[in-house]
Each structure stands twice: as structure tokens, then as C-alpha cells.
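Visitor: I'd like a close look at one small part of this protein, and then at whatever it leads to. Could you start me at a single residue and work outwards?

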Amino acid sequence: MKVPKGINNIRRRVMRSITKNIGKSYSEPKVDSSKKLDIKKVLIIRPNHRLGNQLLLTPLIQEVINTFPNCKIDLFVKGGVANPVFQNYNEINKIIQLPKKPFNHLFKYAKDWISIKGTHYDLVINGDKDSSSGRLLTQISKATFKVFGDVNEEITKTYSDYQHISKYPIYNFRYYLKHLGYPLNTDELPVLNIKLNDDEVVEGKKILDNIIKNDKKTICIYTNATGDKCYSETWWETFYERLLKEYSNYNIIEMLPIENISKINFKAPNFYSKDIREMGAIIKNTSVFIAADNGVMHLASATLTPTVGFFSTTNPNIYGPYGNSSIALNTNHSNIEDWINAINKILE
């Protein structure tokens, strides 16, 4: 049974008010900062089933691996897309996947929680400051070091991009280590990365070549999105016609969603795949990927392909693609000329 959105929002607000102070009484253990931390077993918690949110976790995972190269990571997530998202991360030891609808699987849900309480970790990180269950799991875990996910005030004053859902967990983690007495890591932040291998990219090129059947470079668009993040057919058709005019020396193709919907009425060559990694491998062989804010936009970004994300209702400072010349465009405060200029800068 699907829980109504209104009830879900109320539940979240109540749980946040109950759990907001969890972790406040936690005191960091004393360490000798002249010696490296011996971190071998790590748990990262991000109990959300959406594709985008799991892809947005990949920069934090890379940061932990870069910091502790010999560690093994357990992931505590929700839903069934985690395995393909993280399958090329050899450092991941185990993925604990909560069912999407926990009330339909209470025994497994309880068993997964108990497994956390019964396992000792060197480090536990809650990857979402707004996750009540993430805070609770961090609290009950048997871990030497615990990062609850609160954004430190020092971070908000230092980094203009601290709001981003992929970036603030890394800033938190770095400042946690700093407060233990270690030098602050000022390296460039990792970007989203699904870690496609060479064989996957080659197969993606074969599929793309079969679609376009020429040697021109390719621009890929994805016209679907959920709810009010989705732009109208008129909006997309106007934009598509402009793309055809501006980029006649490029192929323009459309990736279709599972619902087989096209906001441009299937005017462009198109493709569809149920395989997340195959989708990513095809995108990897394109010059730029263009979409509204959605999970496939994050998938494109995680293939290290320049990605243009259109935003009208959600906050690009929180969810925007970044790195690899990617850009988030707020369509409430820009126009089609701005969008074309942004694409030109990427292609040039």
C-alpha cells in the first residue's frame, strides 16, 4: 500500500524533530594525530532508493577510499539499484539493501537494523543530514568514530557550495578529521562516478553507432522527469528545434524513459535500456547530455560526460551536476540564448 505524500511529509517532520539532537552528546575519541588512523572497516549510511540519490553518494565513497586506501566499505541503502551503481567499486565489501517498502518486509527490515548494531566498524558515516533513520543507525552502531552528518558552521562560512547534497558530506568528513587533529584536506572534491570500465564503454559505442550510423559527434537529450520537474512538450519541442538549427553538424538523439514517453513526439532517433550501466555507457560516448533534474541526469554526470541540467522547481545549488564542464541552469532566471551559450562553451 502506497503511503500518501502528505502523510509521508508529516512523518518525516515528526521523525526529524525527534532525532535532530541525536549525536549532539557524542564526543570524539582521543587520538594521536602524529599517527595515521587505522581505519579498515567503514559503514556509509544512505537509506534512499532513488537512482539519483545513490549516484550522489559516489563522491563520498571515493573520498573515504582516497583517505583510507586499505579500507573495506559496507553500504546501508534502500531499494534495488545499488548493485549496478556500485558494482565496479572493489572496495565495497557488502551492500545492505533495505526494502523499498519496509512495512511489507518488517522481518528483513528489523534484521538489517540488528546487523548494524551487531557489527563493529572503525568508522560510520551518515551520508544524509536529513535522514532520521541514518542518524539513528549511526547512534546505535558499534563504531570507534561516528560522523552524524550535521553541517558544521565553519563549513557554511568557508564553502559557497556547501549546500550540495554530494559535497557537504565530504566537507563534514574532512572537518571531522580536522577536529581529531589531522591536517584539513583541501584537495578538489571527487565528482559523481559510476566507474564504467573500458569494455562497457566499447559496448556503449557499438549501440550508439547502430543508432546514428555516421561519424558525427552526438548530443543526447532526455525529456522526461518526475512531477513538476518535467517540462512541457511545447517547451521541449521549441528547445529541440533550436538544437537542430544550432548543431546541424551533430547528431541529436533522445534517451527514452521506461514509460516510453517522448516530449518531442519521437522526432529524434531514440533508444531505451533497462540496464543502468548500459545506459551510462551509451551516454559516455556522447559529447554532452541534456536533461531536467532527475536520476538519469545524475547518471550522465556519473559517466563523467559533460551534463546540462535544467532546473525550475528544485534547487540547483543542492542537486546540480558539477565537474567535467557540467552545469546547472535555472530556467526561471535564464532564457534559450543562455542555454545555447552554455552548451557552446561545453562543446568548444
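Visitor: Judging by its relative accessible area, is L196 buried or exposed?

Guide: L196 is buried, with a relative accessible area of 19%; buried means under 20%, exposed over 50% and partly exposed in between, using a 1.4 Å probe and protein chains only. Before we go on, this is a predicted model, in which local features need pLDDT of at least 70 and side-chain atom pairs count only at pLDDT 80 or more, while totals for chains, interfaces and linings use all residues. Numbering starts from 1 along each chain as its sequence is written, and side-chain values use heavy atoms, with hydrogens and water left out.

Back to L196, which sits in the loop between α8 and α9. Helices (H or I, at least four residues) and strands (E, at least two) are DSSP runs, numbered from the N terminus. Setting aside residues up to four places away in sequence, L196 touches N88, V201, R277, G280, A281, K284 and T303, where contact means heavy atoms within 4.5 Å. Take N88 from that list: N88 and L196 are 108 residues apart along the chain, yet their C-alpha atoms are separated by 7.4 Å.

K195 shares that stretch, in the loop between α8 and α9 (198-212). The backbone is worth a glance here, since phi of K195 is near 55°, a positive value in a residue other than glycine. K195 counts as partly exposed, at 27% relative accessibility. L304 has a positive phi too, about 70°, and is not a glycine either. You'll find L304 in the loop between α12 (295-302) and β10 (307-311), partly exposed with a relative accessible area of 30%.

Now follow the chain back from the loop to α8. The axis of α8 comes within 9 Å of the axis of α3, and the two cross at roughly 30°; axes are lines fitted to C-alpha atoms, for helices over the stretch in contact, and angles run from 0 to 180 degrees between N-to-C directions. That makes α3 roughly parallel to α8, because angles under 35 degrees count as roughly parallel, over 145 as roughly antiparallel, 65 to 115 as roughly perpendicular and the rest as oblique. Where the helices meet, P59, L60, E63, V64 and T67 come from α3, while P169, I170, F173, R174 and L177 come from α8. By class, this contact has seven nonpolar, one polar and two charged residues. (Ala, Val, Leu, Ile, Met, Phe, Trp, Tyr, Cys and Pro count as nonpolar, Asp, Glu, Lys and Arg as charged, and the others, Gly among them, as polar.)

These helices also turn up around an open space. About 450 Å³ of space lies in the second largest pocket, whose 21 lining residues include K36, N66, T67, F68 and P69 as the closest to its centre. Both α3 (58-67) and α8 (168-179) supply at least two residues each to that lining, which divides into ten nonpolar, four polar and seven charged residues. On a 1 Å grid over the protein atoms alone, a pocket is an open set of points with protein on both sides within 12 Å along at least five of seven lines, a cavity is a set where a 1.4 Å probe fits but cannot get out, and lining residues have an atom within 4 Å of a point. Points are joined across faces, edges and corners, and a volume is the space filled by probe spheres set on them.

As for closed spaces, the structure holds one cavity of 30 Å³ or more. The largest cavity has a volume of about 50 Å³, and its lining consists of R46, N53, L56, L57, L60, G127, I165, S166 and P169. Five of these are nonpolar, three polar and one charged.

One more loop residue is D150, found between β5 (142-147) and α7 (153-158). D150 counts as partly exposed, at 37% relative accessibility. Leaving aside neighbours within four places in sequence, D150 is in contact with R135 and N172.

Stepping back, the chain has 14 helices and eleven strands, and buried residues make up 51% of its 348 residues. Of the contacts with a separation of 6 or more, 61% are between residues 24 or more positions apart.
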